[in-house]
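Trainee: I should like to take a close look at a single part of this structure, and then to see how that part relates to the rest. May I ask for one connected account?

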Amino acid sequence: MTSSNSQSMKPATVAKKLGIYLPATPQEFQDSSITREEFAELQANPPEWLAELRRNGPHPRPVVAQKLNVSISGLARGGVEDALTTAEITELLQAPPQWLVTERATHAAVRSEAQRVKEEAARKAATREARDNAAAKRDAPKTSKRDHA
């Protein structure tokens, strides 16, 4: 699956970039290096096994966390150590255990605080920029009409 003068990636890297669980991929995929061109082709025209993995899983922990709207640490605190299928994720969402309710609330609070901090930083940066622009304008040498003639 490799060409001699093209950069290649390890299967684990490709699986991570594709958001799939490496042990669930075909053995041929696990045993080969994938070139950037082959990776682009997998993204553009996924083979049936890839489409099936994305649709039904098992999904890697980052994907499970995203689908459950919790952090990866939250999954660990909830006792989820393995990859989950789409059906298992749906089951958890339909009848959420207490740990999931708690972790979703925690995750939402963390995201909200991160957004608040980002907006505060942007506001401070805008204020600083306006102050710097005013100072630069104030300190700029005055020019007269004679200077332009």
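Mentor: Let us begin with helix H1, residues 11–18, in which Pro11, Val14, Ala15 and Leu18 are buried. Buried means under 20% relative accessible area, exposed means over 50%, and partly exposed lies in between, with a 1.4 Å probe and protein chains only. Helices (H or I, at least four residues) and strands (E, at least two) are DSSP runs, numbered from the N terminus. Seen down the axis of H1, the buried residues fall within an arc of 100 degrees, so they line one face of the helix. The arc is that of the directions from the helix axis to the C-beta atoms.

Before going further, please note that this is a predicted model: local features need pLDDT of at least 70, side-chain atom pairs count only at pLDDT 80 or more, and totals for chains, interfaces and linings use all residues. Residues are numbered from 1 along each chain as its sequence is written, and side-chain values use heavy atoms, with hydrogens and water left out.

What covers the buried residues of H1? The cover includes strand S1 (8–9), helix H2 (27–30), strand S2 (34–35), helix H3 (36–44) and helix H4 (48–56). Just after H1, Gly19 takes a positive phi of about 70 degrees.

The buried face leads to the largest nonpolar core, which has 11 residues: Met9, Val14, Ala15, Leu18, Ile20, Phe29, Ile34, Phe39, Leu42, Leu50 and Leu53. A nonpolar core is a set of buried Ala, Val, Leu, Ile, Met, Phe, Trp, Tyr and Cys residues joined through side-chain atoms within 4.5 Å. H1, H3 and H4 are the elements that give two or more residues to this core, and H1 gives the most, with 3 residues. In soluble globular proteins, nonpolar side chains tend to be buried together. Phe29, a member of this core, is in contact (heavy atoms within 4.5 Å) with Pro11, Val14, Ala15, Leu22, Ile34, Leu42 and Trp49, leaving aside its neighbours within four places in sequence. Apart from this core lies another, of 10 residues, among them Val64, Ala65, Leu84 and Ile89.

Polar residues can be buried as well, as two cases show. Ser32 is found in the loop between H2 and S2 and is buried, with a relative accessible area of 12%. The side chain of Ser32 reaches the backbone oxygen of Glu28 at 3.1 Å. That is a polar contact, a pair of N or O atoms within 3.5 Å; within protein, one must be able to donate a hydrogen and the other to accept it, and residues adjacent in sequence count only if both atoms are side-chain atoms. Glu103, in helix H8, is buried at a relative accessible area of 9%. A polar contact of 2.8 Å joins its side chain to that of Arg77. Leaving aside neighbours within four places in sequence, Glu103 is in contact with Val70, Gly74 and Arg77.

Let us turn to charged pairs. The structure holds 6 salt bridges, a salt bridge being a side-chain nitrogen of Lys or Arg within 4 Å of a carboxyl oxygen of Asp or Glu. One of them joins Arg61 and Glu81 (4.0 Å, N to O). Arg61 lies in helix H5 (residues 61–68) and Glu81 in the loop between helix H6 (72–77) and helix H7 (86–94), so the pair ties together parts that are 20 residues apart in sequence. Arg61 is partly exposed, at 25%.

Another salt bridge links Arg123 with Glu120, the closest N and O atoms being 2.5 Å apart. Both residues lie in helix H8 (residues 98–139), 3 residues apart, about one turn of the helix. Salt bridges that share partners also join Glu48, Glu52 and Arg55 into one network. Within this network, the closest N and O atoms of Glu48 and Arg55 are 3.1 Å apart; Glu48 counts as exposed, at 54% relative accessibility, and Arg55 as partly exposed, at 44%.

Two backbone features remain. Most residues other than glycine have a negative phi, and most peptide bonds are trans. The peptide bond from Gly57 to Pro58 is cis, with omega near 10 degrees, and Pro58 lies in the loop between H4 and H5. Asn69, in the loop between H5 and H6, has a positive phi near 65 degrees.
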